[in-house]
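Good morning, everyone. Let me put today's structure on the screen, and then we will walk through it together.

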Number of protein chains: 2
Amino acid sequence: MNRTPGRPLRADAERSVRAILAAAERVLAEHPGATVEQIAEAAGVTRTTVHRRFASRQALIDALATEAAAKLAEAIEDGHPETAPPLVALHRATANVLRVKAAWGFALGPAAAGSEPAARIHQEVARRCVELLGRIQEQGVIAADADLEWVRRVYYALIGEVLHGQPAIAGAGRTTTAETATDPDPDALAALIVDTVLHGVGPRAAG
Amino acid sequence: MNRTPGRPLRADAERSVRAILAAAERVLAEHPGATVEQIAEAAGVTRTTVHRRFASRQALIDALATEAAAKLAEAIEDGHPETAPPLVALHRATANVLRVKAAWGFALGPAAAGSEPAARIHQEVARRCVELLGRIQEQGVIAADADLEWVRRVYYALIGEVLHGQPAIAGAGRTTTAETATDPDPDALAALIVDTVLHGVGPRAAG
DNA sequence: TAGATCTGCGACACTTCTGTTTCAGTTAGT
DNA sequence: ACTAACTGAAACAGAAGTGTCGCAGATCTA
C-alpha cells in the first residue's frame, strides 16, 4: 500500500506526519532500535496511524533521513558559500550545521543512512563543502598541497566529535580564548572546530 | 544458566569460543543487527552451541567488547608510553590502535558499548592517552593552554575517520609527502593523524 | 580404552514486532 | 450542514528471534 498520496493531505493528517517525524527523531536518537509503537506513543498517535502514513518502519526512517538531509543542505546554503568570504561562510555554515545536527542526530547518523534520496543530498553537500574548502585553499589558508577530501573528512569528524559530548565541552579548546564558556553555543564551537582543523593543537606560530 | 564455568573448558570447546567471537566480530561489523544464527553459521557452529557458551546474545557482545578493549589497551602499552619519547610512543600507539580497530571495528564501536568491564578499560585507556598527551604538552609540541581532553577527542575522531573510508585514502594528506601511497599502511596513516592533530591542515609555519 | 565433555539435530514455548483489516466516531473543508 | 477524510480501538495473521531441552553420536583427556 502506497502511503505517498498524490493528493494533498488534510491539515490534521499533515500535522500527524510532522508529529510522527519529530517523535521518531526524538525516540530513535536515544534508542535506535525503538519500536513503531514507542514512536507512535511519543507522537501522541496510534501505531495504526503511523502505518497509515508510512508504509513501513523503514519508509518512516527514510523519510526522516531525507527531511534531515534537506535541512542540512539548507544549513550550508545559509552560510552563503558562493558570495560571502570563504572563511566567513565556513564559520557560519559550521554553526548552522551544528544546530541542525544537534536536532537531527539520528536522522543524519549512520543508522539512518541507506536512504537513496538522502544519500544523494549528502553527496551534494559534500561537494559544496569541498568547493568551499577549495576557495579557502586558494586564499592560502589551507596548504596548497593538502588533499581537500581529507580536509573535509577531518572537518566532518570534528563536527561529529563536538556533538556527542555535550556537557564535556566547558572551557573548550584554548582556555585563554574561549574562557570557561558555560554555554556551548554553536558559534563558539564552530570557531573551535575551524581553528582546530586549520591549525591543530600545536603551539601557535608567532603572530 | 551461567555459561562462565569455573572449570577450564576442553580444548575443542575453547576453540569454539574463539571461533564464535571472531565470527561475531566479522558478521556484526557488516550488519550490527545480525542474528545469533548468522553468527553461529559464520563460526561453523550451531546456534545451540553459541547459547551453550554465551548465556545470551548480549552476553556474547559483552564478551566481545571486553576482549577487544583489552587488545586496545595492549596496543597502547606496546607503544611504551612511559619509557619511550612521547612523540615516538604516540606514533607507535596510533599505528597499533589503527590495526586493532580495523580488526575489531564492531567490538570497539558504539553498538558494543554498554559492557561494564569494557567501559572501565576504555576509561583507563583514555586516562593513559591524556597522560601521554600531557607529556607531549610539556615538550611544547602541544600548546600550553590547550585542553587535553579536547585534544584527546580530536585524536580519537581522526582515528575513527581514517578507519571508515579505507579505499578513499590513496594519496592521503599532503600529496607531496605521502606521494600516491597505494597501500594505506598503519604507519603512514598514523603519521597523517598525528601531523593533522598537531598542525592542522593550514600552511606550514616556515621551518 | 573408559569416562567425561562437547556437539549437532530437532523440537519446543515464549516473546516481540510488523503490517493489515474493520468499524464506529471525530474532524476538516466547502 | 454535508461529505470526505482522518483517527482510535481492537483485533488478526504471520514472521522472526530468543532461550531451553533431551538425546544420540563424536571427540577429547587421563
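Among contacts in chain A between residues at least 6 apart in sequence, what percentage join residues at least 24 apart? The figure is 58%. Keep in mind as we go that this is a predicted model.

Let's start with the fold of chain A. It has nine helices and zero strands. Read along the sequence, the pattern is simply α-α-α-α-α-α-α-α-α. Chain A has 207 residues, and 38% of them count as buried.

Next, confidence. The mean pLDDT of chain A is 91. In that chain, 88% of the residues reach 70 or more. Two stretches need care. Residues 167-171 of chain A have a pLDDT below 50, and this stretch makes 10 contacts in the model beyond near neighbours in sequence. Residues 176-182 of chain A are also below 50, with 12 contacts counted in that way.

Now the DNA. I'll take strand D to begin with. There are 22 residues around DNA strand D. Which come nearest? From chain A, they are Ala13(A), Ser16(A) and Thr49(A). From chain B, they are Ala11(B) and Ser56(B). Several helices give two or more residues to this surface. In chain A these are helix H1 (11-30) and helix H3 (47-53). In chain B they are helix H1 (11-30), helix H2 (36-43) and helix H3 (47-53). By class, the surface near strand D has seven nonpolar, eight polar and seven charged residues.

On to DNA strand C. Here, too, 22 residues lie around the strand. The nearest are Ala11(A) and Ser56(A) from chain A, with Ala13(B), Ser16(B) and Thr49(B) from chain B. Which helices supply at least two residues each? On the chain A side, they are H1, helix H2 (36-43) and H3. On the chain B side, they are H1 and H3. The surface near strand C divides into seven nonpolar, eight polar and seven charged residues.

What does the UniProt record add? It is an unreviewed entry, and it places "domain: HTH tetR-type" at residues 14-72 of chain A. In the model, that span is 81% helix and 0% strand. Its end C-alpha atoms lie 22 Å apart. The record, again as an unreviewed entry, also places a "DNA-binding region" at residues 35-54 of chain A. That span is 75% helix and 0% strand, and its end C-alpha atoms are 14 Å apart.

Let's look inside. How many residues does the largest nonpolar core have? It has 112. Leu64(A) and Leu64(B) have the most contacts inside that core. Take Leu64(B). Leaving out residues up to four places away in sequence, Leu64(B) touches Leu21(B), Ala24(B), Glu25(B), Ala107(B) and Ala112(B).

Now a backbone detail. Most residues other than glycine have a negative phi. His80(A) has a positive one, near 55°. Where is His80(A)? You will find it in the loop between helix H4 (57-77) and helix H5 (86-103) of chain A. Is His80(A) buried or partly exposed? It counts as partly exposed, because 13 other C-beta atoms lie within 10 Å, and buried would take 20 or more.

Chain B has a His80 to look at as well. His80(B) has a positive phi of about 55°. His80(B) is found in the loop between helix H4 (57-77) and helix H5 (86-103) of chain B. With 13 other C-beta atoms within 10 Å, His80(B) is partly exposed.

Last stop: two more places in chain B. Val130(B) lies in helix H6. It has 16 C-beta neighbours inside 10 Å, so Val130(B) counts as partly exposed. Beyond its neighbours within four places in sequence, Val130(B) is in contact with Leu148(B), Glu149(B) and Arg152(B). Take the pair Val130(B) and Leu148(B): they are 18 residues apart along the chain, and their C-alpha atoms are separated by 6.4 Å.

Then there is Ala144(B). Its place is the loop between helix H6 (116-138) and helix H7 (148-163) of chain B. Why does Ala144(B) count as exposed? Because it has 10 C-beta neighbours inside 10 Å, and the cut-off for exposed is 12 or fewer. Ala144(B) and Gly134(B) are 10 residues apart in sequence, and 9.5 Å apart in space, C-alpha to C-alpha.

That's the tour. Thank you for listening.

How values were computed. Residues are numbered from 1 along each chain as its sequence is written. Chains are lettered from A and ligands numbered from 1 in the order in which they are written. This is a predicted model: local features need pLDDT of at least 70, side-chain atom pairs count only at pLDDT 80 or more; totals for chains, interfaces and linings use all residues. A residue is near a molecule or strand if its C-beta atom, placed from the backbone, lies within 6 Å of it. Helices (H or I, at least four residues) and strands (E, at least two) are DSSP runs, numbered from the N terminus. Ala, Val, Leu, Ile, Met, Phe, Trp, Tyr, Cys and Pro count as nonpolar, Asp, Glu, Lys and Arg as charged, and the others, Gly among them, as polar. UniProt positions are given in the numbering used here, feature names are shortened, and annotations may be inferred rather than shown by experiment. Two residues are in contact if their C-beta atoms, placed from the backbone, lie within 7 Å. A nonpolar core is a set of buried Ala, Val, Leu, Ile, Met, Phe, Trp, Tyr and Cys residues joined through C-beta atoms within 7 Å. pLDDT is the predictor's confidence in each residue, from 0 to 100.
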